Amino acid sequence: MRRICVLLALIAPALASAQSPPNFLWLDDFELCPSPQPYWPDRDSDDYGDDDYSFVGCVQPPGFFPVDPGDCDDLNPGINPSAAEQCNGIDEDCDAMVDENALGAGTSCDTGLVGACSSGTFQCQGAAGLVCISDTPASPEVCNGIDDDCDGHVDEGNPGGGQTCNTGLPGACSTGTTVCQAGVLVCVPDNQPCP
Ligand SMILES: [Ca+2]
Ligand SMILES: [Ca+2]
Ligand SMILES: [Ca+2]
Ligand SMILES: [Ca+2]
(Lines give C-alpha, C1' and ligand atoms only; values in the text may rest on other atoms or scores of the structure.)
(Ligands and ions follow the chains in the order given, each with its own letter.)
Protein backbone atom coordinates (compact mmCIF):
# COMPACT_ATOMS: atom_id res chain seq x y z
CA MET A 1 0.00 0.00 0.00
CA ARG A 2 2.81 2.47 0.84
CA ARG A 3 4.35 1.71 -2.50
CA ILE A 4 1.08 2.61 -4.28
CA CYS A 5 0.78 5.83 -2.28
CA VAL A 6 4.28 6.88 -3.21
CA LEU A 7 3.63 6.05 -6.85
CA LEU A 8 0.45 8.18 -6.86
CA ALA A 9 2.28 11.03 -5.15
CA LEU A 10 4.86 10.94 -7.93
CA ILE A 11 2.43 10.81 -10.83
CA ALA A 12 -0.13 13.26 -9.38
CA PRO A 13 1.74 16.43 -10.43
CA ALA A 14 2.05 15.17 -13.97
CA LEU A 15 -1.68 14.45 -14.06
CA ALA A 16 -2.51 17.86 -12.57
CA SER A 17 -0.45 19.72 -15.13
CA ALA A 18 -1.62 17.69 -18.09
CA GLN A 19 -4.05 19.26 -20.55
CA SER A 20 -6.78 16.73 -19.82
CA PRO A 21 -5.68 14.59 -16.90
CA PRO A 22 -7.99 11.77 -15.92
CA ASN A 23 -10.19 12.34 -12.92
CA PHE A 24 -9.02 10.23 -10.01
CA LEU A 25 -9.59 9.84 -6.30
CA TRP A 26 -7.29 7.93 -4.04
CA LEU A 27 -8.00 6.88 -0.46
CA ASP A 28 -5.04 5.72 1.59
CA ASP A 29 -5.25 2.62 3.67
CA PHE A 30 -7.16 3.87 6.72
CA GLU A 31 -4.94 1.92 9.08
CA LEU A 32 -1.92 3.77 7.78
CA CYS A 33 -3.77 7.02 7.13
CA PRO A 34 -6.56 7.60 9.69
CA SER A 35 -7.26 11.23 8.72
CA PRO A 36 -6.95 11.65 4.96
CA GLN A 37 -7.16 15.25 3.68
CA PRO A 38 -8.39 16.48 0.31
CA TYR A 39 -6.01 18.25 -2.04
CA TRP A 40 -6.59 19.93 -5.39
CA PRO A 41 -4.47 21.35 -8.17
CA ASP A 42 -4.35 25.16 -8.03
CA ARG A 43 -2.52 26.06 -11.19
CA ASP A 44 -3.49 29.74 -11.10
CA SER A 45 -2.63 30.14 -7.38
CA ASP A 46 -5.96 31.78 -6.50
CA ASP A 47 -6.50 29.45 -3.52
CA TYR A 48 -9.32 27.57 -5.25
CA GLY A 49 -8.80 24.11 -6.65
CA ASP A 50 -9.98 22.47 -9.81
CA ASP A 51 -12.92 20.20 -8.93
CA ASP A 52 -12.17 17.92 -11.84
CA TYR A 53 -9.00 16.67 -10.18
CA SER A 54 -8.82 15.85 -6.49
CA PHE A 55 -6.53 13.82 -4.28
CA VAL A 56 -7.43 12.50 -0.84
CA GLY A 57 -4.62 11.22 1.35
CA CYS A 58 -2.28 11.88 4.24
CA VAL A 59 0.59 13.06 2.07
CA GLN A 60 0.24 16.27 0.07
CA PRO A 61 1.46 15.47 -3.43
CA PRO A 62 3.50 18.07 -5.30
CA GLY A 63 1.19 20.21 -7.39
CA PHE A 64 -1.79 19.61 -5.08
CA PHE A 65 -2.85 21.95 -2.27
CA PRO A 66 -5.29 22.01 0.70
CA VAL A 67 -7.28 24.87 -0.87
CA ASP A 68 -11.02 25.28 -1.29
CA PRO A 69 -12.67 23.57 -4.26
CA GLY A 70 -14.84 25.19 -6.89
CA ASP A 71 -12.46 26.85 -9.34
CA CYS A 72 -14.26 26.60 -12.69
CA ASP A 73 -11.21 27.94 -14.57
CA ASP A 74 -8.00 26.89 -12.86
CA LEU A 75 -5.87 28.71 -15.41
CA ASN A 76 -7.33 32.16 -14.67
CA PRO A 77 -6.82 33.69 -11.19
CA GLY A 78 -9.63 36.17 -11.89
CA ILE A 79 -12.16 33.33 -12.03
CA ASN A 80 -13.09 31.53 -8.80
CA PRO A 81 -15.96 31.46 -6.27
CA SER A 82 -14.72 34.69 -4.62
CA ALA A 83 -14.39 36.68 -7.84
CA ALA A 84 -16.73 39.58 -8.59
CA GLU A 85 -19.05 38.98 -11.52
CA GLN A 86 -18.15 41.29 -14.41
CA CYS A 87 -20.31 42.05 -17.44
CA ASN A 88 -18.45 40.18 -20.16
CA GLY A 89 -20.28 36.95 -21.02
CA ILE A 90 -18.11 34.94 -18.61
CA ASP A 91 -19.07 33.26 -15.31
CA GLU A 92 -16.39 34.72 -13.00
CA ASP A 93 -17.75 33.49 -9.67
CA CYS A 94 -18.27 29.90 -10.79
CA ASP A 95 -21.97 29.65 -9.89
CA ALA A 96 -22.95 28.46 -13.39
CA MET A 97 -24.71 31.77 -14.09
CA VAL A 98 -23.18 34.23 -16.53
CA ASP A 99 -23.14 37.97 -15.75
CA GLU A 100 -25.74 37.73 -12.98
CA ASN A 101 -25.73 40.95 -10.93
CA ALA A 102 -22.70 42.09 -12.91
CA LEU A 103 -20.75 45.04 -11.54
CA GLY A 104 -22.10 48.35 -12.86
CA ALA A 105 -25.36 46.96 -14.25
CA GLY A 106 -28.41 48.91 -13.10
CA THR A 107 -26.50 52.12 -12.35
CA SER A 108 -27.35 55.46 -13.91
CA CYS A 109 -25.51 56.67 -17.00
CA ASP A 110 -25.56 59.34 -19.70
CA THR A 111 -26.62 58.00 -23.09
CA GLY A 112 -24.91 60.82 -24.97
CA LEU A 113 -28.29 61.69 -26.49
CA VAL A 114 -30.11 64.96 -25.79
CA GLY A 115 -33.42 65.85 -24.19
CA ALA A 116 -35.56 63.22 -22.54
CA CYS A 117 -33.32 60.50 -23.98
CA SER A 118 -30.18 61.63 -22.13
CA SER A 119 -30.57 59.79 -18.83
CA GLY A 120 -30.11 56.05 -18.96
CA THR A 121 -29.29 52.90 -17.04
CA PHE A 122 -26.43 50.49 -17.70
CA GLN A 123 -27.65 47.11 -18.92
CA CYS A 124 -25.35 44.12 -19.21
CA GLN A 125 -25.38 42.72 -22.73
CA GLY A 126 -23.00 39.82 -22.37
CA ALA A 127 -19.78 39.97 -24.36
CA ALA A 128 -20.80 43.45 -25.56
CA GLY A 129 -20.40 44.63 -21.97
CA LEU A 130 -22.35 47.38 -20.25
CA VAL A 131 -24.56 49.40 -22.57
CA CYS A 132 -26.25 52.65 -21.51
CA ILE A 133 -29.93 52.34 -22.45
CA SER A 134 -32.15 55.44 -22.35
CA ASP A 135 -34.73 55.39 -19.57
CA THR A 136 -37.16 57.37 -21.75
CA PRO A 137 -37.31 56.58 -25.47
CA ALA A 138 -38.02 59.38 -27.90
CA SER A 139 -41.70 60.27 -28.25
CA PRO A 140 -43.76 62.87 -30.11
CA GLU A 141 -43.24 66.40 -28.83
CA VAL A 142 -45.84 67.63 -26.35
CA CYS A 143 -46.07 70.98 -24.60
CA ASN A 144 -44.20 70.31 -21.35
CA GLY A 145 -40.88 72.16 -21.44
CA ILE A 146 -39.06 68.93 -22.33
CA ASP A 147 -37.40 67.89 -25.58
CA ASP A 148 -39.53 64.74 -25.88
CA ASP A 149 -38.38 63.71 -29.36
CA CYS A 150 -34.71 64.21 -28.44
CA ASP A 151 -33.81 66.43 -31.39
CA GLY A 152 -32.29 69.24 -29.32
CA HIS A 153 -35.34 71.49 -29.49
CA VAL A 154 -37.90 71.95 -26.71
CA ASP A 155 -41.61 72.13 -27.59
CA GLU A 156 -40.83 73.01 -31.18
CA GLY A 157 -43.76 73.25 -33.59
CA ASN A 158 -46.15 74.62 -30.96
CA PRO A 159 -47.30 71.12 -29.86
CA GLY A 160 -50.96 71.12 -28.79
CA GLY A 161 -51.36 74.64 -30.13
CA GLY A 162 -53.74 75.97 -32.76
CA GLN A 163 -56.89 74.65 -31.10
CA THR A 164 -59.92 76.83 -30.49
CA CYS A 165 -60.43 77.50 -26.81
CA ASN A 166 -62.31 79.67 -24.35
CA THR A 167 -60.18 82.26 -22.61
CA GLY A 168 -62.64 82.73 -19.75
CA LEU A 169 -62.70 86.43 -20.55
CA PRO A 170 -66.00 88.29 -21.33
CA GLY A 171 -67.36 89.35 -24.69
CA ALA A 172 -65.12 89.57 -27.74
CA CYS A 173 -62.17 88.34 -25.71
CA SER A 174 -63.75 84.97 -24.89
CA THR A 175 -62.67 83.15 -28.07
CA GLY A 176 -59.06 82.14 -28.26
CA THR A 177 -56.48 79.74 -29.68
CA THR A 178 -54.11 77.48 -27.74
CA VAL A 179 -50.39 78.33 -27.79
CA CYS A 180 -47.54 76.41 -26.17
CA GLN A 181 -45.69 78.97 -24.01
CA ALA A 182 -42.85 78.04 -21.68
CA GLY A 183 -44.02 74.45 -21.48
CA VAL A 184 -47.68 75.27 -20.82
CA LEU A 185 -50.63 75.46 -23.20
CA VAL A 186 -52.35 78.80 -22.79
CA CYS A 187 -55.52 80.15 -24.41
CA VAL A 188 -54.65 83.42 -26.17
CA PRO A 189 -57.62 85.66 -27.17
CA ASP A 190 -58.12 85.90 -30.92
CA ASN A 191 -59.22 89.54 -30.72
CA GLN A 192 -56.77 92.07 -29.32
CA PRO A 193 -56.39 94.04 -27.28
CA CYS A 194 -57.72 91.98 -24.40
CA PRO A 195 -56.67 92.07 -20.73
CA1 LIG B 1 -7.19 27.93 -8.87
CA1 LIG C 1 -21.70 33.88 -12.21
CA1 LIG D 1 -19.27 37.78 -16.13
CA1 LIG E 1 -37.88 68.37 -29.58
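**Note on the calcium sites and disulfides**

1. The calcium ion (ligand 3) takes its protein donors from E85 (OE), Q86 (O), N88 (OD1), I90 (O), E92 (OE) and D99 (OD), which lie 2.1 to 2.5 Å from the ion. Please keep in mind that this is a predicted model. Along the chain these donors follow the spacing E-Q-x1-N-x1-I-x1-E-x6-D, and within that set N88 and D99 both sit in the loop between β5 (68–71) and β6 (108–110), 11 residues apart.

2. The geometry of this site is octahedral, with angles of 72 to 179° among the six donor atoms of the calcium ion (ligand 3). For comparison, the ideal angles for six octahedral donors are 90 or 180 degrees. Two of the donors can also be described by their accessibility: N88 is partly exposed, at a relative accessible area of 25%, whereas D99 is buried, at 11%.

3. The calcium ion (ligand 2) has as its protein donors E85 (OE), D91 (OD), D93 (OD), D95 (OD), M97 (O) and E100, the last of which is listed twice through OE, and these atoms lie 2.2 to 2.6 Å from the ion. Their spacing along the chain reads E-x5-D-x1-D-x1-D-x1-M-x2-E. Here D93 is buried, with a relative accessible area of 16%, while M97 is partly exposed at 45%. E85 deserves attention when both sites are inspected, since E85 (OE) is named among the donors of ligand 2 and also among those of ligand 3.

4. The structure holds eight disulfides, of which three are taken up here. One of them joins C33 to C58, with an S to S distance of 1.8 Å, and this link is right-handed, with 95° about the S-S bond. C33 lies in the loop between α1 (2–17) and β1 (37–41) and C58 in the loop between β3 (55–57) and β4 (64–65), so that the pair links distant parts of the chain, 25 residues apart. C33 is buried at 2% relative accessible area, but C58 is partly exposed at 36%.

5. A further disulfide joins C109 to C132, S to S 2.0 Å, and it is right-handed with 100° about the S-S bond. Because C109 lies in strand β6 and C132 in strand β8 (residues 130–134), the pair ties together parts that are 23 residues apart in sequence. C109 counts as buried, at 13% relative accessibility.

6. The disulfide of C143 and C180 has an S to S distance of 2.2 Å and is right-handed, with 90° about the S-S bond. C143 is in the loop between β8 and β9 (164–166) and C180 in strand β10 (residues 175–181), 37 residues apart; both cysteines are buried.

Note on methods. Residues are numbered from 1 along each chain as its sequence is written. Chains are lettered from A and ligands numbered from 1 in the order in which they are written. This is a predicted model: local features need pLDDT of at least 70, side-chain atom pairs count only at pLDDT 80 or more; totals for chains, interfaces and linings use all residues. Side-chain values use heavy atoms; hydrogens and water are left out. Donors are N, O and S atoms within 2.8 Å of the metal (3.2 Å for Na, K and Ca); water is not among the atoms, so sites may look incomplete. Buried means under 20% relative accessible area, exposed over 50%, partly exposed in between (1.4 Å probe, protein chains only). Four donors count as tetrahedral if all angles lie between 85 and 135 degrees; four count as square planar and six as octahedral if opposite donors are over 155 degrees apart and all others between 65 and 115; anything else is irregular. Helices (H or I, at least four residues) and strands (E, at least two) are DSSP runs, numbered from the N terminus. A disulfide is a pair of cysteine sulfur atoms within 2.5 Å.
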